[in-house]
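Biologist: I would like to go through the strands and helices of this model. Please take the sheet before the single residue.

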Amino acid sequence: MQVESFLELSDVRPATTKRQGETPTMNISTAVFSADVLKIDAATVAASLESQIRDIVLQRLNRKGVVIAISGGIDSSVVAALCFKALGTSRVLGLMLPEADSSPDSLRFANLLAQSLGLRTHIEDIAGILTAAGCYQRRDDAIRKVIPQYTEAYKCKIVLPDQVNGSAYPIFSVVVESPLGERTKARLTLDSYRGVLAATNFKQRTRKMMEYYYADLFDYAVAGTPNRLEYDQGFFVKNGDGAADLKPIAHLYKTQVYQLATYLGIPQEIQKRPPTTDTYPLEQSQEEFYFPLPYDRMDLCLYAKNHGLLPEEIASVMELTPEQVARVYRVIDATRAATRYLHRPAVLCEGVPEVPDAVRV
């Protein structure tokens, strides 16, 4: 379903407006702007996606089925359920890919999903691969540049300051917890931040390596799980969780993914689980690590910005000031610009006519 069709569901009559220095946009009055603009007909959307998945996998990609990494989160659960309904039990493989820092809840919820669907699964613990590649050691070395007493017995996560009310130039900090439960927070230097990020990106790339191993083994395609908020804002690792053969829900706001989850009968425990990165040994929310607002309000801000609404037109609905909404808009623009590279395929210096989809300089 295209975004424009959501307007019809809330009976909005968009009017073309043009402000000085701007191109015409579609404007929605504050009298009708609400969370309802993200409501979908879940049954219709699910049926359409299931049909498209069958066509993409079996016809366009000429694969026999799909592999999907199931993390116990809402996005992978919905994609798994859609693929299961589209292709049947014999054509879908759910992979559980825990590592040393994974929350026990991830495996528990992934198993819960598999049991509820009757999904065929396989577990691959990737901790050994990550250890051999130096993932944990490289991360810890980077943290010790700002917290020298840090050891492998500690737990850690990296966090951003408040992006709505704080500095216009948010800088990551690392939070560590000693074996005695004492917490220390220190601002990361650019060098230490890059060290932590580069090391932890091993995790997503290793998981994707395992997904493609099983895809090659069974002649399957790999299904990706980003929702629109993550896809738009580059919340993925290039050639890691950003790599896939199809991404069925990349056009859907996370709020809409939850609506599909309810329709598809995803277990309530999974639906109620707070979104998490599940990347660091300390529990970390997506707002701490990436987004300036919780997903439901972030969805609305993204939707409003995509439809040309000014901050003052949505501020009261968002329970924010116009200045705060304007700051979120700036974060959206800045993140899009910074992560555009992640969406780009390899660029060729010269074209290859026989491969028409390749990208040239």
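Modeller: Two strands pair if DSSP finds at least two bridges between them. The model is predicted.

Biologist: In which sense do β3 and β4 pair, and over how many bridges?

Modeller: Within this pair, Val66 of β3 has Val92 in β4 as its bridge partner. Counted along both strands, β3 and β4 pair in the parallel sense, and the number of bridges is four.

Biologist: Which residue of β9 is the bridge partner of Val66?

Modeller: β3 also pairs with β9, in the parallel sense and over two bridges. In β9, the partner of Val66 is Ala221.

Biologist: What is the order of the strands in the open sheet?

Modeller: β4 (residues 92-96) pairs with β5 over four bridges, in the parallel sense; there Leu95 stands opposite His122 in β5. β3 pairs with β4 and with β9. The open sheet of four strands, with parallel pairing, therefore has the order β5-β4-β3-β9.

Biologist: Why do β5 and β9 each have one side without a neighbour in the sheet?

Modeller: The order of the sheet is β5-β4-β3-β9. β5 (120-123) and β9 (221-222) stand at its edges, so one side of each is left without a neighbour, as each has a single partner strand.

Biologist: Which residues of β3 point the other way from Val66 and Ile68?

Modeller: In a regular strand the side chains alternate between the two faces of the sheet. Val66 and Ile68 point one way from β3, and all the residues concerned are buried. Pointing the other way are Val67 and Ala69.

Biologist: Which helix lies across β3, β4, β5 and β9, and at about what angle does it run to β4?

Modeller: Helix α3 (residues 74-87) lies across β3 (66-69) and β4, and runs at about 160° to β3. Lying across β3, β4, β5 and β9 is helix α7 (residues 190-218), and its angle to β4 is about 150°.

Biologist: What is the handedness of the β-α-β unit made by β4, helix α4 and β5?

Modeller: β3, α3 and β4 make a β-α-β unit that is right-handed. The unit of β4, helix α4 (residues 104-117) and β5 is likewise right-handed.

Biologist: Is Thr339 buried or exposed?

Modeller: Thr339 belongs to helix α14 (residues 322-343). Leaving aside neighbours within four places in sequence, Thr339 is in contact with Asp232, Gln233, Gly234 and Tyr290. The relative accessible area of Thr339 is 9% and the cut-off is under 20%, so Thr339 is buried.

Terms used:
Residues are numbered from 1 along each chain as its sequence is written. This is a predicted model: local features need pLDDT of at least 70, side-chain atom pairs count only at pLDDT 80 or more; totals for chains, interfaces and linings use all residues. Side-chain values use heavy atoms; hydrogens and water are left out. Buried means under 20% relative accessible area, exposed over 50%, partly exposed in between (1.4 Å probe, protein chains only). Contact means heavy atoms within 4.5 Å. Axes are lines fitted to C-alpha atoms, for helices over the stretch in contact, and angles run from 0 to 180 degrees between N-to-C directions. A crossover is right-handed if, with the strands pointing away from the viewer, the path from the first strand over the helix to the second runs clockwise.
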